[in-house]
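Work through the exercises below with the model open. Try each task before reading its solution.

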Amino acid sequence: MRKGNHVFFTVLVLMLIGGAVFYFGWVQFKIKTDECGVLVSKTSGVYPRIIEKGTFCWRWEPLLPTNARLLTFRLVPHTYHTAVRGALPSAEVYSAQVKSAPDFAYAFDIDIALRMKKDALLEKAGAAEITTDEELETYLHQAADRIAELVAAYLIAESAADPTGIATSRSTGQILAGIGTDDALDGIEVVSIIVKNAKIPDAELYARAKRTYMTFQDYVDEALISSAQHQADTILSDNRAVSRLTQIGETLKKYPELSEILRNGDSADFIKSLNERVQ
């Protein structure tokens, strides 16, 4: 009996140890249904595959105390309500050229649903750029703001190219194709883009106001050049007159007897003749 009890106890202990080893190494067991995980350990670095619920994954690294961390992130799309406000370049200046002073400001309210691609999440978590769900939320929020700016620029450009079209009716695929490759989309999966409200300036009126301003500016530049030339000529003429008077004064000092000529009726002819010689 004692020997049997000893064997039974030994087997029980081994089973408990084996169960503990299996439990602590069974990393996928710790992942919730709507989550994924990244295993990072001191001994092996980053486990090269995303850990998901329903896919068996057992690793030895978590068996060592303080050796491994399982970073978990939600897989569900994050939706952000983004407002984009602004005005076309030099809007106030160009608006002043039109009698009705049109408003060239724009405004968009956009809902963007997106999530991080698994391979990108694995890379950024491994590089310690994103280690918590809160940091992932911040990263995605910043990406949504940047994407919203790109969407607004795309819709404004589309409206300018086709004023009769309804730019805000573009589908998510059309908008993404219009945005093209951008750093904001790197590693991001855009699930949907919904433009809820849009205020787009009149592109044709803006272009006309810009042309009016540029024409006016050209006229002002020409007038300034003409005025500057006139002032330069006037200053040059004044300098010549002063120079002539100075030379006449020096001549009179040198020849005082010429002063008598200036007192008679022939002084005007004398000065005219002297000026001609000075020239």
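A patch is made of residues with over 30% relative accessible area and no salt bridge; nonpolar side chains are joined within 5 Å. The model is predicted.

**Exercise 1. The nonpolar patch**

Task: Find which residues make the nonpolar surface patch of about 480 Å². Then place Leu-63 and classify its exposure.

Solution:
- Step 1. The patch is made by Phe-56, Trp-58, Trp-60, Leu-63 and Leu-64.
- Step 2. Leu-63 sits in the loop between strand S3 (51–52) and strand S4 (68–74).
- Step 3. Its relative accessibility is 32%, so Leu-63 counts as partly exposed. That class lies between the 20% and 50% limits.

**Exercise 2. Aromatic pairs**

Task: How many aromatic pairs does the structure hold? Classify the geometry of Phe-104 with Tyr-206, then that of Tyr-106 with Phe-108.

Solution:
- Step 1. There are 2 aromatic pairs.
- Step 2. A pair of rings is described by the distance of the centres and the angle of the planes.
- Step 3. For Phe-104 and Tyr-206, the centres are 5.2 Å apart and the planes make 85 degrees. Angles over 60 degrees count as edge-to-face, and this pair is edge-to-face.
- Step 4. Now locate these two rings. Phe-104 lies in the loop between helix H2 (91–95) and strand S6 (105–116), and Tyr-206 in helix H6 (residues 203–254). The pair links distant parts of the chain, 102 residues apart. Both Phe-104 and Tyr-206 are buried.
- Step 5. For Tyr-106 and Phe-108, the values are 6.2 Å centre to centre and 45 degrees between the planes. This pair is tilted.
- Step 6. Tyr-106 has 17% relative accessibility and therefore counts as buried. Phe-108 is at 0%, so Phe-108 counts as buried.

**Exercise 3. Two threonines**

Task: Is Thr-131 buried or exposed? Which residues does Thr-131 contact, leaving aside its neighbours within four places in sequence? Then place Thr-212 and classify its exposure.

Solution:
- Step 1. Thr-131 belongs to the loop between helix H3 (118–126) and helix H4 (133–161).
- Step 2. Buried means under 20%. Thr-131 is at 19%, so Thr-131 counts as buried.
- Step 3. With those sequence neighbours left aside, Thr-131 is in contact with Leu-71 and Phe-73.
- Step 4. Thr-212 is part of helix H6. At 37% relative accessibility, Thr-212 counts as partly exposed.
- Step 5. Check one spacing. Thr-212 and Tyr-94 are 118 residues apart in sequence, and their C-alpha atoms are 8.0 Å apart in space.

Terms used. Residues are numbered from 1 along each chain as its sequence is written. This is a predicted model: local features need pLDDT of at least 70, side-chain atom pairs count only at pLDDT 80 or more; totals for chains, interfaces and linings use all residues. Side-chain values use heavy atoms; hydrogens and water are left out. Rings of Phe, Tyr and Trp (its six-membered ring) pair if their centres lie within 6.5 Å; planes under 30 degrees apart count as stacked, over 60 as edge-to-face and the rest as tilted. Helices (H or I, at least four residues) and strands (E, at least two) are DSSP runs, numbered from the N terminus. Buried means under 20% relative accessible area, exposed over 50%, partly exposed in between (1.4 Å probe, protein chains only). Contact means heavy atoms within 4.5 Å. Patches are made of residues with over 30% relative accessible area and no salt bridge: like charges are joined within 9 Å, nonpolar side chains (Val, Leu, Ile, Met, Phe, Trp, Tyr) within 5 Å. Accessible areas come from the Shrake-Rupley method with a 1.4 Å probe; for residues, only the protein chains shown count as cover. A salt bridge is a side-chain nitrogen of Lys or Arg within 4 Å of a carboxyl oxygen of Asp or Glu.
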